[in-house]
Amino acid sequence: MAFGTLASFVTVLAALQVANGALTRRVACPDGVNTATNAACCNLFAVRDVLQDQLFDGRECGEEVHESLRLTFHDAIGISRSANAAGKFGGGGADGSIALFEDIETNFHANGGVDEIIDTQRPFVQMSNMTTADFIQFAGAIGVSNCPGAPQLDVFIGRPDATMPAPDLTVPEPFDTVDSILARFADAGGFSPAEVVALLASHTIAAADHVDPSIPGTPFDSTPGLFDTQFFIETQLRGTLFPGTGGNQGEVESPLAGEIRLQSDSELARDSRTACEWQSFVNNQAKMQSAFKAAFRKMTVLGHSESDLIDCSEVVQTPPSPKSNAHLPAGATHNDVEQACATAAFPTLPTDPGPVTSVAPVPPS
């Protein structure tokens with residue numbers, strides 16, 4: 001009798017998880033392998049595994065990851081609180097409209113090139129049994145989990161799909177002014193200048209395909225396969241060259257061959273409202289991770305109330321540990337830094353040894 005009582009007790013404990021000092025009940029998923037705090041999350045484990053194997057090539061941090069991450073932003077930012085308050089439709093935020101109304105939204109100038117990842121993701125959306133709105137944000141978070149140094153991003157489900165396309169001019173462009181960019185983010189979701197900078201940590205694993213069409217896949221920093229702070233370091237270095245043709249709208253000179261610099265990134269790195277926050281990430285991987293995780297969470301629920309959604313963040317795998325330390329690229333010195341923060345000196349960093357750094361392009365998918 002005592003053994004039976006003990007066995008029953010162990011069975012109950014197996015269905016519980018200690019969280020924040022309290023026991024939280026978990027449910028066994030139908031796959032017989034996973035458990036979840038909400039049964040609605042169970043389906044996502046299988047979707048995650050298919051994405052990792054078939055979309056992200058076995059957990060690579062490559063082209064499909066940065067394009068999926070880009071899509072999360074281009075869908076979510078499609079909302080204007082001021083327009084909605086004035087009785088005009090300002091967009092639904094993270095509602096899947098960019099894919100559901102692909103023929104309309106991909107013709108917006110700011111969304112150039114996103115049709116490729118939308119088309120690539122379409123069969124996965126169809127097999128997932130998820131809304132398009134949920135899938136876009138889920139795929140972005142799962143993709144980022146493959147990148148060394150990335151934070152483990154939060155995932156929510158329960159967003160209804162859009163019934164109307166977002167209006168044009170809700171996605172910032174690289175040639176927009178800092179005033180315009182900060183105002184757009186504030187109107188979309190009350191993002192502060194610091195949160196705007198945090199969201200731009202996405203550029204550490206990003207590349208440009210259409211700013212200079214002659215060099216598609218050109219990254220924004222020298223370590224595009226790593227979610228590290230090099231983007232914030234290298235945007236602060238003096239620009240000396242164009243990696244391709246030059247003279248393109250929204251592009252300014254970069255410090256390294258094979259690296260492209262957006263005008264908006266350059267100006268945000270040097271504006272008094274954002275420069276110190278930008279510099280604060282230079283040698284603080286933990287702060288960048290935390291800030292991006294929080295800003296991404298806020299972005300991914302634009303147009304929705306988080307309390308109406310189901311938290312399935314446990315499905316997201318733990319990203320690999322960071323694989324690099326903050327450094328100046330080979331050939332650069334502290335004298336190449338264009339100091340912009342008025343209240344703190346740029347950190348002293350080691351310089352990579354060897355020949356002057358030249359960045360290889362990101363292979364197209």
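Here is a short chat about a predicted model of one protein chain.

Student: Why are H3 and H7 called roughly perpendicular to each other?

Tutor: Start with the angle: helix H3 (residues 63-76) and helix H7 (residues 114-128) pack at about 105 degrees. The label covers 65 to 115 degrees, so H3 and H7 are roughly perpendicular. Their axes are 9 Å apart.

Student: Which residues make that contact?

Tutor: On the H3 side you've got Glu64, Glu67, Ser68, Arg70, Leu71 and His74. H7 brings Val114, Ile117, Ile118 and Gln121.

Student: What makes residues of this contact nonpolar, polar or charged?

Tutor: It goes by residue type: Leu, Val and Ile count as nonpolar, Glu and Arg as charged. Ser, His and Gln fall among the others, which count as polar. Sorted that way, the contact of H3 with H7 has four nonpolar, three polar and three charged residues.

Student: Zooming out, how do you know that the radius of gyration of the protein chain agrees with a compact globule?

Tutor: For 365 residues, the rule puts a compact globule near 21 Å, and the protein chain has 22 Å, so the two agree. The C-alpha atoms fill a box of roughly 80 × 50 × 40 Å along the principal axes.

Student: And what share of the residues is buried?

Tutor: Buried means under 20% relative accessible area, and 52% of the 365 residues make that cut. The chain exposes about 15600 Å², with carbon and sulfur atoms supplying 56% of it.

Student: How many helices and strands does the chain have?

Tutor: There are 14 helices and 10 strands.

Key: Residues numbered from 1 in each chain as written. Predicted model: local features only at pLDDT ≥ 70, side-chain atom pairs only at ≥ 80, totals over all residues. Heavy atoms only, no water. Axes fitted to C-alpha atoms, helices over the stretch in contact; angles between N-to-C directions. Helix = DSSP H or I, 4+ residues; strand = E, 2+ residues; numbered from the N terminus. Parallel < 35°, antiparallel > 145°, perpendicular 65-115°, else oblique. Contact = heavy atoms within 4.5 Å. Rg over C-alpha atoms; globule rule 2.2 N^0.38 Å. Buried < 20%, exposed > 50% of the residue type's maximum accessible area, 1.4 Å probe, protein only. Areas by Shrake-Rupley, 256 points an atom, 1.4 Å probe, with all protein chains shown as cover.
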